[in-house]
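Here are some exercises for practising how to read a protein model. Try each task yourself before you look at the solution.

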Amino acid sequence: FLGIVLVAINPYEQLPIYEQDVIYAYSGQNMGDMDPHIFAVAEEAYKQMARDERNQSIIVSGESGAGKTVSAKYAMRFFATVGGSASETNIEAKVLASSPIMEAIGNAKTTRNDNSSRFGKYIEIGFDKRYHIIGANMRTYLLEKSRVVFQAEDERNYHIFYQLCASSSLPEFKDLGLSK
């Protein structure tokens with residue numbers, strides 16, 4: 001069964017449509033009662049999980065720079081808020097916090113996005129019997145092995161290579177076991 005599909009478009013600026021009051025406005029609503037929104041999709045999945053006691057999936061798809069990772073963050077913020085765990089654990093920050101080194105390993109400059117994630121992400125969120133978030137697991141999949149050895153004109157391969165080159169004169173570099 002395939003549920004509702006939401007097309008997200010990145011406006012490349014912060015909009016007030018993802019604020020806390022908007023989360024509360026969509027919480028408890030039925031799909032279609034309000035405007036299409038990532039919070040409406042998240043609410044539907046959350047309700048079905050609670051009602052049917054079955055796992056739910058939200059697939060966020062789109063082209064490079066469309067805002068897939070940001071949409072996933074908004075969905076997790078919704079779950080953390082309606083599940084009562086946002087203030088307790090700040091799970092959104094814990095789940096999606098990537099160290100600068102992880103971003104450098106998986107992000108590259110494309111013609112559409114200067115900091116495009118080249119990872120596919122599968123985020124599994126665990127809920128307890130009261131539907132509060134109790135943990136999460138993120139798996140990443142490298143999408144473009146070809147970028148390791150080649151990049152198109154006006155693009156860069158993974159940022160980590162440029163950061164390693166820029167830091168090759170630092171004393172800590174020797175400890176990495178890499179040579180010129």
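**Exercise 1. Decide whether Glu-124 is buried, partly exposed or exposed, then find its salt-bridge partner.**

Step 1. Start with the cut-offs: buried means under 20% relative accessible area, exposed means over 50%, and partly exposed lies in between (1.4 Å probe, protein chains only). Glu-124 has a relative accessible area of 38%, so it is partly exposed.

Step 2. Next comes the partner. A salt bridge is a side-chain nitrogen of Lys or Arg within 4 Å of a carboxyl oxygen of Asp or Glu. Glu-124 forms one with Arg-139, and the closest N and O atoms are 3.9 Å apart.

Step 3. Now place the pair in the chain. Glu-124 sits in strand β3 (residues 119-127) and Arg-139 in strand β4 (residues 133-142), so the bridge links distant parts of the chain, 15 residues apart. Here strands (E, at least two residues) and helices (H or I, at least four) are DSSP runs, numbered from the N terminus.

Step 4. Check the partner's exposure too: Arg-139 is partly exposed, because its relative accessibility is 37%.

A note before you go on: this is a predicted model, in which local features need pLDDT of at least 70 and side-chain atom pairs count only at pLDDT 80 or more, while totals for chains, interfaces and linings use all residues. Residues are numbered from 1 along each chain as its sequence is written, and side-chain values use heavy atoms, leaving out hydrogens and water.

**Exercise 2. Find out how many salt bridges the whole structure has, and describe the one made by Arg-51.**

Step 1. A search of the whole structure gives two salt bridges.

Step 2. Arg-51 pairs with Asp-52 through their side chains, at 3.2 Å from N to O.

Step 3. Compare each value with the cut-offs. Arg-51 is exposed because its relative accessibility is 56%, and Asp-52, at 37%, is partly exposed.

**Exercise 3. Work out whether the length of helix α3 agrees with the expected span.**

Step 1. The rule for the expected span is 1.5 Å times one less than the number of residues.

Step 2. Helix α3 covers residues 68-82, which is 15 residues, so it should span 21 Å.

Step 3. The end C-alpha atoms of α3 are 21 Å apart, in agreement with the rule.

Step 4. Look at which residues of α3 are hidden: Ser-71, Tyr-74, Ala-75, Met-76, Phe-78, Phe-79, Ala-80 and Thr-81 are buried. After the helix comes Gly-84, with a positive phi near 80°.

**Exercise 4. Locate the "binding site" feature from UniProt and describe the contacts of Glu-63 and Gly-65.**

Step 1. An unreviewed UniProt entry places the feature at Gly-62, Glu-63, Ser-64, Gly-65, Ala-66, Gly-67, Lys-68 and Thr-69. Positions are given in the numbering used here, feature names are shortened, and annotations may be inferred rather than shown by experiment.

Step 2. Glu-63 lies in the loop between α2 (38-52) and α3, and Gly-65 is also found in the loop between α2 and α3.

Step 3. List the contacts (heavy atoms within 4.5 Å). Not counting residues up to four places away in sequence, Glu-63 touches Lys-68 and Arg-112. Leaving aside neighbours within four places, Gly-65 is in contact with Asn-10, Tyr-12 and Asn-113.

Step 4. Gly-65 counts as buried because its relative accessibility is 12%.

**Exercise 5. Describe the unusual phi values of Glu-53 and Tyr-131, and say where these residues are.**

Step 1. Recall the background: most residues other than glycine have a negative phi.

Step 2. Glu-53 is not a glycine, yet its phi is positive, about 50°. Glu-53 is in the loop between α2 and α3 and is exposed, because its relative accessibility is 65%.

Step 3. Tyr-131 also has a positive phi, near 65°. Tyr-131 lies in the loop between β3 and β4 and is partly exposed, because its relative accessible area is 23%.

**Exercise 6. Sum up the whole chain by its helices, strands and buried share.**

Step 1. The chain has eight helices and four strands.

Step 2. Along the sequence they follow the pattern α-α-α-α-α-α-β-β-β-β-α-α.

Step 3. Of the 180 residues of the chain, 28% count as buried.
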